[in-house]
Amino acid sequence: MVSGSTFDEIDHLVPRTDGTVALLSLKASKWSIQLTMAVQLNHQFERLIERRHEGLLDFSDIVLGIEYGTLDTLTDKYDIARGINTGASHDVRDLTEHVHVHVGRDFWKWINYGEEETQDWIFAAILSTVSEFRKENPNIADFTTKYRDAFVDEYSGRINKDGSIDWANILQDING
């Protein structure tokens, strides 16, 4: 039984050039899911596929999109999410026909309709933005100093004698 909304694990609806829509569950890296989430993803994806078969939803496929890495470096949790039971006994269904994984460069290519250089364009845009920011803020070190001074003012009782920050006590203050 899947709790919550039908789309809890779906981050985006991605229109495809053939007129269909893919459901995207976006993850940052190979470490973004653990076993419990992998099983939960599998159950959620199974329910979505059932609803599609019942005519209640219309989508082409489900994609697990991982922003960086390569397919060969993913943990087995992504296989489990697709229902590939890697030798252990997990309560998952084989959804490999309906759930696909795209990682790193392959993901960026997929998201941008097959454009091979999408990842390069995104990286170039990030570098350009950082360069622009540095030009507009030549005294970036001043920002760091101002932030540290404001932090010290706020948490003056949490600065050690050597000037280092007492993170353990700050965390204790914040989280109890």
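This briefing walks through the fold, the charges and a few selected residues of one protein. The model is predicted. The protein has six helices and four strands. Its radius of gyration is 22 Å, well over the 16 Å that the globule rule gives for 176 residues, so the protein is more spread out than a compact globule.

**Overall fold**

- Along the sequence, the elements follow the pattern β-β-α-β-α-β-α-α-α-α. The pattern opens with two strands and ends with a run of helices.
- The C-alpha trace spans about 65 × 40 × 30 Å along the principal axes of the protein.
- Of the 176 residues, 30% are buried.
- Take the contacts with a sequence separation of 6 or more. Residues 24 or more positions apart account for 58% of them.

**Surface and charge**

- The accessible surface comes to about 11400 Å². Carbon and sulfur atoms hold 53% of that surface.
- The protein carries 17 positive and 30 negative charges. The mean positions of these two sets are 3 Å apart.

**Salt bridges**

- How many salt bridges does a search of the whole structure find? The search finds seven.
- Glu50 pairs with Arg47, and their closest N and O atoms are 3.2 Å apart. Both residues sit in helix H1, which covers residues 35–53. They are three residues apart there, so about one helical turn separates them.
- Glu50 is partly exposed, with a relative accessible area of 33%. Arg47 is also partly exposed, at 26%.
- Lys77 and Asp76 meet through their side chains, at 2.7 Å from N to O. Lys77 counts as partly exposed at 21% relative accessibility. Asp76 is partly exposed too, at 29%.
- Lys77 counts as partly exposed because its 21% is not under the 20% that marks a buried residue.
- Glu116 forms a salt bridge with Lys109, with the closest N and O atoms 2.7 Å apart. Glu116 is partly exposed at 46% relative accessibility. Lys109 is partly exposed at 27%.
- Glu46, Asp91 and Arg93 are linked in a network of salt bridges.

**Tyr113: a positive phi**

- Where does Tyr113 lie? Tyr113 is in the loop between helix H3 (104–111) and helix H4 (118–136).
- Most residues other than glycine have a negative phi. Tyr113 is not a glycine, yet its phi is positive, at about 55°.
- Tyr113 is partly exposed, with a relative accessible area of 41%.

**Tyr68: a loop residue and its contacts**

- Tyr68 belongs to the loop between strand S3 (62–66) and helix H2 (77–82).
- Is Tyr68 buried or exposed? Tyr68 is exposed, because its relative accessible area is 53% and exposed means over 50%.
- Which residues does Tyr68 touch, leaving aside neighbours within four places in sequence? The contacts are Ala28, Ser29, Val103 and Gly104.
- Ala28 is 40 residues from Tyr68 along the chain. Their C-alpha atoms are separated by 6.5 Å.

**Helix H5: Thr144 and Val152**

- Helix H5 runs over residues 140–154 and includes Val152. Thr144 lies in helix H5 as well.
- Thr144 counts as exposed, at 52% relative accessibility. Val152 counts as partly exposed, at 25%.
- Thr144 and Tyr155 are eleven residues apart along the chain, and 16 Å separates their C-alpha atoms.
- Val152 and Ile165 are 13 residues apart in sequence. In space, they are 8.6 Å apart from C-alpha to C-alpha.

How values were computed: Residues are numbered from 1 along each chain as its sequence is written. This is a predicted model: local features need pLDDT of at least 70, side-chain atom pairs count only at pLDDT 80 or more; totals for chains, interfaces and linings use all residues. Side-chain values use heavy atoms; hydrogens and water are left out. Buried means under 20% relative accessible area, exposed over 50%, partly exposed in between (1.4 Å probe, protein chains only). The radius of gyration is taken over C-alpha atoms; the globule rule is 2.2 Å times the number of residues to the power 0.38. Contact means heavy atoms within 4.5 Å. Accessible areas come from the Shrake-Rupley method with a 1.4 Å probe; for residues, only the protein chains shown count as cover. Lys and Arg count as positive and Asp and Glu as negative; His and the chain ends are not counted. The place of a charge is taken as NZ of Lys, CZ of Arg, CG of Asp or CD of Glu. A salt bridge is a side-chain nitrogen of Lys or Arg within 4 Å of a carboxyl oxygen of Asp or Glu.
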